[in-house]
Amino acid sequence: MTSLMVPDARTLFERARGRKILVVGDLMIDEWIWGTVTRISPEAPVPVVAVADHSFTLGGAGNVANNLRALEAGVVFAGVVGNDAFAAHVRELLRNEQVDDSGVFEIRDRPTTRKTRIVAHSQQVVRADWESTASLEAARRSDLADFVRSAAARCDAVILSDYAKGLLCREIVEAASACALVLADPKPENIALFRGVTCVAPNAGEAATITGIAISDEASLERAGLRLIELLDCRYAIITRGEHGMALFGRAGERLTIPSVARTVYDVSGAGDTVIAVLALALAAGAPIEQAMELANFAAGAVVAKLGTATASPEEILALLEPAT
Ligand SMILES: Nc1ncnc2c1ncn2[C@@H]1O[C@H](COP(=O)(O)OP(=O)(O)OP(=O)(O)O)[C@@H](O)[C@H]1O
Ligand SMILES: [Mg+2]
């Protein structure tokens, strides 16, 4: 079934170790408040959560960085935080993962993007978001583009991780082209920004919105893939299809459709971050696109078995690959 064998994957992980990847994108912090509900508030008809635990994790493009670190890649991050107390938290989380945060700029009058979730008895009670999706002002855009240009030139690949929070713009995408290998996880509303990248990897819903093609069978899937390549003038388009796996379309006629490989599915959030991270790292390590996609599919299969946005280690990916080969 699969053409990626365990020894190929091992070699790839070895080659990937220490490759340098620049992640440019919308950085977020996820705040988690865990507790139990014992009563209803006397103030309003809402539950009162007695807090037992409080923690922070990196989200958005930060989760792409985490996924790369789980595979022992070197990571440089370019993005923004606000001028608030959470900016330091974000830096601390990046540094704990040994991510180079010298390209994380602090922006005045902008909040650090934060999603606060209150969870009681494993059930999300409410979520509160702090964010601004306004684009950066010209001077900040150009600071960031300067950083991206010089960092891209010394990295093996660049990942553009778009969560539509106002960071990515044409100037920054053009600066990323100082690296020969640029991958994008795009949001449909910003698709025009990503023209000229090496590879785009939207999910099926996003691909349908971008191309205007309803994906209902193999033929429409292929039309959407080819349309993506034409629209963006990119070398590869990979459409991720949730439980149906993923499909590759290449400008030089490359085609590959693979089923998903997850054994248990617990939480699919963040699987797209794992996919773009593994694709970029495998290509940076010299893998052919088909192998890079298969490895990404196994990595995604490993993370969907975990709660929350998660990462997969080489051992976990190999364990999933083992019985398949
Ligand atoms: N329900 C599932 N069962 C098995 N594998 C899954 C499932 N959902 C996701 N995957 C794996 O994860 C990959 C990416 O998932 P998906 O296409 O949902 O991306 P996404 O929508 O960008 O994810 P997200 O936005 O949550 O990060 C799939 O190609 C597949 O390998
Ligand atoms: Mg996605």
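Guide: Let's start with a term we'll need: a crossing counts as left-handed if the near helix is turned anticlockwise from the far one by less than a right angle, and as right-handed if it is turned clockwise. Keep in mind that this is a predicted model.

Visitor: Okay, then is the crossing where helix 8 passes helix 9 left-handed or right-handed?
Guide: First, find the pair: helix 8 covers residues 271-284, and helix 9 covers residues 289-303. Their axes lie 8 Å apart and make an angle of about 145°. As for the sense of the crossing, helix 8 passes helix 9 in a way that is right-handed.

Visitor: Which class of residue has 14 members in the contact of helix 8 with helix 9?
Guide: Have a look at who takes part: helix 8 brings residues including V275, V278 and L279, while helix 9 brings others, among them I289, M293 and L295. Sorted by class, this contact has no charged residues and two polar ones. The class with 14 members is nonpolar.

Visitor: Which strands are the edge strands of the sheet of nine?
Guide: Read the order across this open, mixed sheet: 5-4-1-8-9-10-11-12-13. An edge strand pairs on one side only. That picks out strand 5 (100-107) and strand 13 (255-258).

Visitor: And what is the bridge partner of A247 in strand 13?
Guide: Strand 12 (residues 246-250) runs antiparallel to strand 13, and four bridges join the two. A247 is matched across in strand 13 with T257.

Visitor: Which strands does helix 9 touch as it packs on the sheet?
Guide: Helix 8 packs on this sheet too, touching strands 1, 8, 9, 10 and 11, and its direction makes about 165° with that of strand 8. Helix 9 makes about 160° with the direction of strand 12. The strands that helix 9 touches are strand 11, strand 12 and strand 13.

Visitor: Which helix gives the most to the shell around ligand 1?
Guide: There are 21 residues around ligand 1, and T240, S260, A271, G272 and A300 come nearest. By class, the shell has eight nonpolar, 10 polar and three charged residues. Helix 8 and helix 9 each supply at least two of them. With four residues, the one giving the most is helix 8.

Visitor: Now for helix 1 and helix 10: are they roughly parallel or antiparallel to each other?
Guide: Helix 1 (residues 6-16) and helix 10 (residues 314-321) pack at an angle of about 165°, with axes 10 Å apart. Angles over 145 degrees count as roughly antiparallel. So the two helices are roughly antiparallel.

Visitor: How many charged residues are in the contact of helix 1 with helix 10?
Guide: V6, A9, R10 and F13 of helix 1 meet P314, I317, L318 and L321 of helix 10. Seven of the contact residues are nonpolar and none is polar, and the number of charged ones is one.

Visitor: What is the bridge partner of W34 in strand 6?
Guide: For this one, go to the open sheet of four strands, in the order 3-2-6-7. Strand 2 (residues 27-40) and strand 6 (residues 114-120) run parallel there and are joined by seven bridges. W34 has as its partner in strand 6 V119.

Visitor: Last one: at what angle does helix 2 run to strand 3?
Guide: Strand 3 (47-60) is one of the edge strands of the sheet of four. Helix 2 (residues 61-70) lies across strand 2 and strand 3. Helix 2 runs to strand 3 at about 70°.

Conventions: Residues are numbered from 1 along each chain as its sequence is written. Chains are lettered from A and ligands numbered from 1 in the order in which they are written. This is a predicted model: local features need pLDDT of at least 70, side-chain atom pairs count only at pLDDT 80 or more; totals for chains, interfaces and linings use all residues. Two strands pair if DSSP finds at least two bridges between them. Two residues are in contact if their C-beta atoms, placed from the backbone, lie within 7 Å. Axes are lines fitted to C-alpha atoms, for helices over the stretch in contact, and angles run from 0 to 180 degrees between N-to-C directions. Ala, Val, Leu, Ile, Met, Phe, Trp, Tyr, Cys and Pro count as nonpolar, Asp, Glu, Lys and Arg as charged, and the others, Gly among them, as polar. A residue is near a molecule or strand if its C-beta atom, placed from the backbone, lies within 6 Å of it. Angles under 35 degrees count as roughly parallel, over 145 as roughly antiparallel, 65 to 115 as roughly perpendicular and the rest as oblique.
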